[in-house]
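Visitor: Could you pick one part of this model and look at it closely with me? I would then like to follow the thread from there into the rest of the structure.

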Amino acid sequence: MTMTRTTAAERDLYPTRGSREVVTPRQDPVVHGPLTPDLEPYERDGFLTVGQLLTGDEVAEYRAELDRLVRDPALRADERRVVEPRSREVRSVFEVHKLSEIFSNLVRDERVVGPARRILGSDVYVHQSRINVKPGFGASGFYWHSDFETWHAEDGLPRMRAVSVSIALTENHDTNGGLMIMPGSHKTFIACAGRTPRDNYKKSLRTQDAGTPSDRALRRLADEHGIRLFTGPAGSATWFDCNCMHGSSDNITPYPRSNVFIVFNSVLNTAVEPFAAPLRRPEFIGARDFTPVR
């Protein structure tokens with residue numbers, strides 16, 4: 001396997017946040033390691049699901065730790081704790097692998113990090129981790145977006161060599177704001193129009209605006225690829241490519257949808273300066289500690 005490191009001096013292959021929206025083909029591999037049969041769906045669709053990654057006892061342990069972090073009074077004024085705009089209930093807690101030994105152990109679990117190493121063809125580090133609570137009765141959704149567009153523009157990730165894993169800690173119904181992905185959309189890059197506001201993360205963690213595609217581009221992708229809604233029991237997991245077009249709707253049911261979300265980036269694709277933002281985002285959102293997960 002040939003491995004090369006991305007450097008800041010390389011040409012920007014994915015310019016974005018300009019005066020107009022531009023749609024271009026992906027210029028990076030999807031699977032950077034050997035393309036084994038079990039990874040062929042990931043190569044084709046941009047995601048891979050496992051129906052039962054965690055046992056029932058493990059789910060209970062992680063749920064208890066999620067509840068502890070959400071209620072921790074020490075985090076009430078912490079910027080890593082994000083609340084819903086309307087209800088003021090906790091929406092997300094970031095950098096959980098540093099706040100919690102239990103979630104730190106989950107990040108190092110071979111069932112979690114092993115597929116990321118295989119997909120990315122290298123050692124990996126944690127670019128971002130968080131718990132998403134999405135409580136019932138009105139928790140807001142996440143509008144359609146590509147994570148890579150934001151991580152490239154605002155965090156300085158040079159290439160498409162990152163993978164996210166979302167692990168369900170509650171049942172994902174088809175009604176409680178589950179993850180939606182357009183299969184195959186990871187092979188198209190949408191360079192979004194518009195400049196990045198200063199400190200955009202303070203708004204974007206609650207309501208997305210900068211870095212979202214136009215209705216026309218979204219319709220084109222949806223018409224071409226369709227939309228997949230993920231459902232499954234607590235303990236199920238989905239790995240998905242950094243450039244997948246994805247989002248989720250509001251949760252107006254009584255049933256919360258909670259998950260752990262971990263982003264692994266290749267150690268050969270470490271962040272440089274942002275490509276389309278005036279400042280780096282804080283490290284609890286876009287890590288600058290590139291220590292490999294062991």
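Guide: Gladly; let us start with helix H8. Strand E6 (142-146), strand E9 (188-191) and strand E12 (245-248) are among the elements that cover the buried residues of H8. Please keep in mind throughout that this is a predicted model.

Which residues are under that cover? H8 spans residues 215-225, and Ala217, Leu218 and Leu221 are its buried ones. Looking down the helix axis, you would find these buried residues within an arc of 100°, so they line one face of H8. The general background is familiar: an α-helix makes a turn every 3.6 residues, so residues three or four places apart point the same way. Now turn to the face of H8 that points away from the buried side: there you meet the exposed residues Asp215, Arg216, Arg219, Arg220 and Asp223. After H8 comes glycine 226, with a positive phi near 80°.

A little further along the chain is strand E10 (228-229), one of the strands that bring at least two residues each to the lining of the largest pocket, along with E2 (47-50), E7 (162-168) and E11 (237-241). That pocket has a volume of about 240 Å³. Its lining counts 19 residues, and Phe230, Thr231, Gly232, Ser236 and Thr238 are the ones closest to the centre. The largest share of the lining, 3 residues, is supplied by E7. Sorted by class, the lining is made up of 8 nonpolar, 9 polar and 2 charged residues.

Back to the cover of H8, where strand E6 (142-146) took part. The numbering leads on from there to helix H6, residues 147-155, and its surroundings contrast nicely with the two faces of H8. In H6, 9 of the 9 residues are buried, so the helix is largely enclosed by the rest of the structure. These buried residues include charged side chains, among them Asp147, Glu149, Glu154 and Asp155, as well as Phe148 and Trp151. H6 too is followed by a glycine with positive phi: glycine 156, near 85°.

What does one of those buried acids pair with? Aspartate 155 makes a salt bridge to arginine 281, with 2.8 Å between the closest N and O atoms. Aspartate 155 belongs to helix H6 and arginine 281 to the segment after E13, so the bridge ties together parts 126 residues apart in sequence. Both partners, aspartate 155 and arginine 281, are buried.

Salt bridges appear elsewhere as well; the whole structure has 20 of them. In general terms, side chains of opposite charge can pair when their charged atoms come close. A second link to the segment after strand E13 is made by arginine 294, which meets aspartate 123 in a salt bridge of 3.2 Å, N to O. Here aspartate 123 sits in the loop between helix H5 (110-120) and strand E5 (124-132), 171 residues away from arginine 294 along the chain. The setting is open on the arginine's side: arginine 294 is exposed, at a relative accessible area of 62%, while aspartate 123 is partly exposed, at 28%.

One more bridge deserves a stop. Glutamate 95 pairs with arginine 80, their closest N and O atoms lying 3.2 Å apart. These two are 15 residues apart, glutamate 95 coming from the loop between strand E4 (90-94) and helix H3 (96-99), and arginine 80 from the loop between helix H2 (56-71) and strand E3 (81-83). Glutamate 95 is buried at 11% relative accessibility. Arginine 80, at 19%, is buried too, because the cut-off is under 20%. The pair does not stand alone: Asp78, Arg80, Glu95 and Lys98 are linked in a network of salt bridges.

The backbone of glutamate 95 is also worth a glance, since its phi is positive, about 60°, although the residue is not a glycine. Aspartate 199 is another non-glycine with positive phi, about 55°. You will find aspartate 199 in the loop between E9 and helix H7 (201-204), where it is partly exposed at 35% relative accessibility. That brings us back to strand E9, one of the elements covering H8, where we began.

Notes:
Residues are numbered from 1 along each chain as its sequence is written. This is a predicted model: local features need pLDDT of at least 70, side-chain atom pairs count only at pLDDT 80 or more; totals for chains, interfaces and linings use all residues. Side-chain values use heavy atoms; hydrogens and water are left out. On a 1 Å grid over the protein atoms alone, a cavity is a set of points where a 1.4 Å probe fits but cannot get out, and a pocket is an open set with protein on both sides within 12 Å along at least five of seven lines; lining residues have an atom within 4 Å of a point. Grid points are joined across faces, edges and corners, and a volume is the space filled by probe spheres set on the points. Helices (H or I, at least four residues) and strands (E, at least two) are DSSP runs, numbered from the N terminus. Ala, Val, Leu, Ile, Met, Phe, Trp, Tyr, Cys and Pro count as nonpolar, Asp, Glu, Lys and Arg as charged, and the others, Gly among them, as polar. Buried means under 20% relative accessible area, exposed over 50%, partly exposed in between (1.4 Å probe, protein chains only). A salt bridge is a side-chain nitrogen of Lys or Arg within 4 Å of a carboxyl oxygen of Asp or Glu. The arc is that of the directions from the helix axis to the C-beta atoms. Contact means heavy atoms within 4.5 Å.
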